[in-house]
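Dear colleague,

I am passing on the structure we spoke about, with the sequence alongside. Please have it open while you read the notes underneath.

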Amino acid sequence: MQELSGLGNRRRLNVQDIEERYEHTGNVAKTRSIISLGLSMFKLFKNNAGSPRESPGFPYHVQTFNILTLCAEDYIVEPGSLKFLVEHGFDFTKQYSEGLSYMRGDDKGQVNENNSDFVRQIFMEIIRYKKPIVLHNGFIDLVFLYQNLYATLPTSVNSFAADLAEMFPNGIYDTKYLSDYVCRKSASYLEYIFRSQ
C-alpha cells in the first residue's frame, strides 16, 4: 500500500476509456509523489514433507514495514489528500525528517549519501526475485510505482501492461477489484473490507 501527495481530478481516474485513464493517471504520477510505502512480506511455514505445517492458526509469518519516502524533486501537494492522511494519523514531521529520499522516473545514476536510493532498490529486488504483488486500487498504485521507482512511463497503456507482465510474471492481485467484481461487496475501501471479514 502506498500513500500519495494527491490524485488530481478524481473523475478522470475512472473514465471508461483505458488509454485516457492511463494518460491522466500517468500525468498525475509525474507531478505528485509517493509519501509512504507499505510492504507486507509473507512466508508460508512448511513441514519437512513440503506441505504447509498443520496449525490451528495462520500458517504464515507476516512482517509489515511502513517506509516513509520523500521525493527529492518538486511535486504537487493536494490539501484534501493531506487532510485525509492527517485525520488517519499520518505524521508529516516524521516524513520530512526521516523519509527516505528518491528521484522520480529513470534511475538517474545519482547516489544519495544517506540511502543510495534505498526505496528504488527495494522495488527492484521485488522485481528481481519475481515476487507476486498484492495492491488495493492497483492500477493507480502500479502507475505511481512505475513512474516514481522504476522508469519513465511508456506512452501507451499496452506497453505499460507488457512491461508489468514481464516485471511481475507470478501475478498482480488487486484487492479492490476482487472486492468489487469477485466478492461483490457493497463497498471496497480498505477499512470496510477489513472490518467485514
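The notes below go from the overall fold to the core, the aromatic rings, the salt bridges and two backbone details.

Please keep in mind throughout that this is a predicted model. The protein has 8 helices and 6 strands, and along the sequence these elements follow the order β-α-β-β-α-α-β-α-β-α-α-β-α-α. Of its 197 residues, 38% are buried, and the surface that the protein exposes comes to about 12400 Å², with carbon and sulfur atoms supplying 53% of that area. When contacts between residues at least 6 apart in sequence are considered, 67% of them join residues at least 24 apart.

Helix α1 is a convenient place to start looking. This helix covers residues 18–31, and its 14 residues should span 20 Å at 1.5 Å a residue, which agrees with the 20 Å between its end C-alpha atoms. Its buried residues are Y22, H24, T25, G26, V28 and A29, and these pack against α5 and α6.

The largest nonpolar core contains 39 residues, and those with the most contacts inside it are F144, L149, F160 and F168. At least two residues of this core come from each of α1, β2, β3, α4, β5, α5 and α6, while α5 gives the most, with 7 residues. If you select F160 and leave aside residues up to four places away in sequence, you will find that it touches Y22, F139, L142, V143, Y146, L153 and P154.

Several of these names return among the aromatic rings, where the count comes to 9 aromatic pairs. One of them joins Y146 and Y150 in an edge-to-face arrangement, with 5.0 Å from centre to centre and 65° between the planes. The two partners can be set apart by their accessibility: Y146 is buried, with a relative accessible area of 4%, whereas Y150 is partly exposed at 27%. Ring pairs also link Y22, F123, F139, Y146, Y150, F160 and F168 into a cluster.

The whole structure holds 5 salt bridges, and three may interest you. In one, the side chains of R32 and E78 meet with 2.9 Å from N to O; this pair links distant parts of the chain, since R32 lies in the loop between α1 and β2 and E78 in the loop between β3 and α2, 46 residues apart. R32 counts as buried because its relative accessible area is 12%, and E78 counts as buried because its value is 14%. Another joins E73 to R104, with the closest N and O atoms 3.7 Å apart, and again distant parts of the chain are linked, with E73 in the loop between β3 and α2 and R104 in the loop between β4 and α4, 31 residues apart. Here E73 is partly exposed at 24% relative accessibility, but R104 is buried at 6%. A further salt bridge brings together the side chains of D117 and R120 at 3.0 Å, N to O, and both of these residues are buried.

Finally, two residues other than glycine have a positive phi. For K130, in the loop between α4 and β5, phi is near 55°, and the residue is partly exposed at 44% relative accessibility. For N137, in the loop between β5 and α5, phi is near 65°, and this residue is likewise partly exposed, with a relative accessible area of 30%.

With best wishes

Key. Residues numbered from 1 in each chain as written. Predicted model: local features only at pLDDT ≥ 70, side-chain atom pairs only at ≥ 80, totals over all residues. Heavy atoms only, no water. Helix = DSSP H or I, 4+ residues; strand = E, 2+ residues; numbered from the N terminus. Buried < 20%, exposed > 50% of the residue type's maximum accessible area, 1.4 Å probe, protein only. Contact = heavy atoms within 4.5 Å. Areas by Shrake-Rupley, 256 points an atom, 1.4 Å probe, with all protein chains shown as cover. Expected span 1.5 Å × (residues − 1). Core = buried A, V, L, I, M, F, W, Y, C linked by side-chain atoms within 4.5 Å. Phe/Tyr/Trp six-rings, centres within 6.5 Å; stacked < 30°, edge-to-face > 60°. Salt bridge = Lys/Arg side-chain N within 4 Å of Asp/Glu carboxyl O.
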